[in-house]
Amino acid sequence: MAGTAMSRRASYMYGNLLPPNETGQLGAGLGTTTSAGTVTLIPPTDIIEKTGEKRTIDGLTYEFLYAPGSEAPAEMLYYIHEKKALNTAEDSTHTLHNTYSLRGAKIREPLPWSKYLNEALKMWGNDVQVMYAMHHWPVWGNKEVRDQLSSQRDMYRYINDETLRLANKGYTMTEIAEQVKLPSGIANRFSNRGYYGSLNHNVKATYVLYLGWFIGNPATLWELPPDEQAKRYVDMMGGSEAVLKKAKEYYDKGDFRWVAEVVNHVVFAEPNNQTAKNMQADALEQLGYQAESGPWRNFYLTGAKELREGVKQLPTPDTASPDTVKAMDLDLFFDYLAMRLKGPEVAEKHITLNLDFTDLKQQYTLEMVNGVLNHTEGMQAKNADASISLTRDTLNKLMLKETTLKDATTAGSVKIDGAEGKLEELMSYMDNFEFWFPIVTP
């Protein structure tokens, strides 16, 4: 549902805006980068619902380990018995993965992630001879596979347990992230390095997963928004010239982390101060060159690029492709529409529609009220503004602008009983999103 915001941050994370060279994009840790083409999908024809299910595919026996809530909300590992081959999806790769993706996503849970890897060892550890995952190269040999699985099992478990241990001692998110270091038996293994995820931001994610964003200090409970906060900080520090002069001293000492943080206040207080933008860009570049994590490097360097050049309109991935829209079930589709509703604009308006999908034998009531769009399956409102009959295919064509409501009504694909303009009125309140917007500037 995050849509454009997530895709925009993904462009930073994967370095889509950077030139592929030694001072630009070197990769993303888990792979190279993403394409700018159309993102699509093939709807599933068979559903795996629990661990231990088996399927015979092309004469081979696949056994599945159901792993929801690990690297993704829907995840599974599988073992091919005849080949003694284990596919670990993205739950065990040749890098520390993300328990929180910097592009924006729901926080992933390191504890069940660890337990799924332990379950894989229990189910197939004595038999497996090769392990392969998405994006990376295979691991050959029973001992080598067991070592890979067990070390990554311990890594995700350590992130979970050590974060909670320190939280229970009263440390806050940032304090814990600065303290936690993986034991050498885990950290010194190549596959456990932070080329993609980082220990620092994974620990912070684990803190937020359990305790939320508030660290318990009431001074942080109701902070000012960044631009207002920045103006006050800069004023208290003696103005932008004084801040930049002092920041230059820190830059010369190599304290780039602090320079990026303090000069950011000047950038937000004075959005047209190019001298401040250039200094912050210089600091971000140095942080990017030092970063082990591919996404960290890409965020730093892309932020520097925006500070110097502004927001550029470049090719983007199309995540709202026709296949994606068609693959949504109706419940998810109506959630998607509700997320796009301009709530403040329609807070005083009220529209009720009955929808009858003749091909699916499903009925819904849509009610726009109090600035939200509710949908109820299996119900038809008695006093609806209009009752509309159509097929799911017709709905897809309307949403993808392959036809108009007028043309569909004329062709008989849509039948409306009641106020014919109410559906179009409802759709007119849907917001559209520009892909490109600033991240490091106000």
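**Overall architecture and the setting of Gln152**

Of the contacts in the protein chain that link residues at least 6 apart in sequence, 66% are between residues at least 24 apart. The model is a predicted one, and its protein chain contains 16 helices together with eleven strands. When the C-alpha trace of the protein chain is laid along its principal axes, the spans are about 75 × 65 × 45 Å.

With respect to solvent, 43% of the 442 residues in the protein chain are buried, while the area that the protein chain exposes amounts to about 23,100 Å², of which 52% is supplied by carbon and sulfur atoms. The protein chain carries 46 positive and 57 negative charges, and the mean positions of these two sets lie 4 Å apart.

At the level of a single residue, Gln152 was examined in the context of helix α3, the element that comprises residues 142-167 and in which Gln152 is found. Gln152 is classed as buried because its relative accessibility is 0%, a value that falls under the 20% limit applied to buried residues. Once residues up to four places away in sequence are set aside, the residues touched by Gln152 are Asp91, Ser92, Thr93, Thr95, Leu117, Ser191 and Asn192. One of these, Ser92, also takes part in a polar contact with Gln152, in which the side chains of both residues are involved at a distance of 3.0 Å. Gln152 therefore combines a buried position, given by its relative accessibility of 0%, with a side-chain polar contact to Ser92.

Notes:
Residues are numbered from 1 along each chain as its sequence is written. This is a predicted model: local features need pLDDT of at least 70, side-chain atom pairs count only at pLDDT 80 or more; totals for chains, interfaces and linings use all residues. Side-chain values use heavy atoms; hydrogens and water are left out. Helices (H or I, at least four residues) and strands (E, at least two) are DSSP runs, numbered from the N terminus. Buried means under 20% relative accessible area, exposed over 50%, partly exposed in between (1.4 Å probe, protein chains only). A polar contact is a pair of N or O atoms within 3.5 Å; within protein, one must be able to donate a hydrogen and the other to accept it, and residues adjacent in sequence count only if both atoms are side-chain atoms. Contact means heavy atoms within 4.5 Å. Accessible areas come from the Shrake-Rupley method with a 1.4 Å probe; for residues, only the protein chains shown count as cover. Lys and Arg count as positive and Asp and Glu as negative; His and the chain ends are not counted. The place of a charge is taken as NZ of Lys, CZ of Arg, CG of Asp or CD of Glu.
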